[in-house]
Amino acid sequence: MKERVLQWLRGSHNSVRFRFLGLPKYWLTYLFQYRLRGRSWIEFYGDRLDGFVDIEKPLPEGYAARGEVFFAYIRKHDLEPHHRFLDYGCGFLRTALPVIRHLTEGRYVGVDISAQRIARGRRYLRSNGIEDDAYEVHVVEDCKLRELEGQRFDFVWAMSVINHMPEEDIQIMLRALRPLMAPGGRFLFVFNEGETTRRWRMKDWWYPVSDVRRWCEEAGFGFEILPDYEEPEGYTRMAQLTVPPAQSNAAKTALIR
Ligand SMILES: C[S@@+](CC[C@H](N)C(=O)[O-])C[C@H]1O[C@@H](n2cnc3c(N)ncnc32)[C@H](O)[C@@H]1O
């Protein structure tokens, strides 16, 4: 009986405590310390994630190993050593490790809103023999990607990031990213598919595929869902965004005529 009451009180959350104490506290903090002071969702979420990081603690083995699984998928989708690679929401740099080893030096770039995650990720890479100057990372405070101005990326990757972003931030990011894409470049990202837009636990979003497609197309990308992504939860989808390849001189001349 007691267990049934607890289960009812817990609902779809991990614990009763989180549902009735943790979550309301996060909402109040966000509203009063951030929104009412003109500070953004990104500032709130970045600070919150920073607060969870123990910089001294090594990454759990199973967690770090997922980086290899993601890399296998990225490889399958033709990441070449000469490609310039952007890891959007790079977190603890677990995917960076195999990607940096695969790429020509200096072609990996990561961005994230959590300075502490990046700092711990750097330690993780160092402990695996990769020095700080072998790659580039940026802590960002918005989705405008000004830090990357002048760069062009062949392959952009965002694992479990878009599902933590509100719609307006996704649209800003897509529009900022489009001019940073090399001809023929691709952007692979996962998102949660829902019949309607849904927000849960404050930081998780579900979006209809038709909305995601529209935002991507309006930003100037081709959009498709990749069917080979094995979705662990039943609602995550892997999207591939494309930009047209460079036109050959002959094709350009034909167009001018
Ligand atoms: C679930 S973690 C995944 C990290 C990494 N992609 C991986 O697979 O290990 C989500 C990451 O996205 C970052 N993030 C969330 N919103 C972001 C945004 N608007 N821009 C950049 N990074 C963001 C978070 O700080 C966090 O590190």
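A residue is taken to be near the ligand if its C-beta atom, placed from the backbone, lies within 6 Å of that molecule. In this predicted model, the shell around the ligand holds 21 residues, and those that come nearest are G89, G91, S114, M159 and S160. By character, the shell divides into 11 nonpolar, six polar and four charged residues. Helix 3 (41-52) and strand 2 (108-112) each supply at least two residues of this shell.

S160, one of the residues that come nearest to the ligand, is placed in the loop between strand 4 (153-158) and helix 7 (167-177). The phi of S160 is near 60°, a positive value in a residue other than glycine. S160 counts as partly exposed because 16 C-beta neighbours lie inside 10 Å. A positive phi is also found at M202, which is not a glycine, with a value of about 70°. M202 belongs to the loop between strand 6 (198-200) and strand 7 (204-206). This residue too counts as partly exposed, because it has 16 C-beta neighbours inside 10 Å.

The domain assignment of the protein chain gives domain 1 (2-39) and domain 2 (61-242). Between the C-alpha centres of domain 1 and domain 2 there is a distance of 28 Å.

In soluble globular proteins, nonpolar side chains tend to be buried together. The largest nonpolar core of this model has 53 residues, and F85, A96 and F189 have the most contacts inside it. Strand 5 (residues 181-192) gives the largest share of this core, namely six residues. When residues up to four places away in sequence are not counted, A96 touches D87, C90, Y108, G110, G121, L125 and Y135. Two of these contacts, G121 and L125, are also listed among the buried residues of helix 6.

Helix 6 (residues 115-127) has 13 residues. From its first C-alpha to its last, helix 6 reaches 19 Å, close to the 18 Å expected at 1.5 Å a residue. The buried residues of helix 6 are R117, I118, R120, G121, R122 and L125. The elements that cover these buried residues include helix 3, helix 5 (96-102), strand 2 and strand 3 (136-139). Helix 3 and strand 2 also supply residues to the shell around the ligand. Just after helix 6, G129 takes a positive phi of about 85°.

Two buried residues of helix 6 were examined further, R122 and L125. R122 has 20 other C-beta atoms within 10 Å and is therefore buried, the limit for this class being 20 or more. Not counting residues up to four places away in sequence, R122 touches L93 and D132. The C-alpha atoms of R122 and N163 are separated by 24 Å, and the two residues are 41 apart along the chain.

L125, also in helix 6, is buried because 21 other C-beta atoms lie within 10 Å. Its contacts, again without residues up to four places away in sequence, are L93, A96, L97 and I130. L93 is thus touched by R122 and by L125. The C-alpha atoms of L125 and R94 are separated by 8.2 Å, although these residues are 31 apart along the chain.

Terms used. Residues numbered from 1 in each chain as written. Predicted model: local features only at pLDDT ≥ 70, side-chain atom pairs only at ≥ 80, totals over all residues. Core = buried A, V, L, I, M, F, W, Y, C linked by C-beta atoms within 7 Å. Buried ≥ 20, exposed ≤ 12 C-beta atoms within 10 Å, placed from the backbone. Helix = DSSP H or I, 4+ residues; strand = E, 2+ residues; numbered from the N terminus. Contact = placed C-beta atoms within 7 Å. Nonpolar A, V, L, I, M, F, W, Y, C, P; charged D, E, K, R; others polar. Domains from an automatic or database assignment. Expected span 1.5 Å × (residues − 1).
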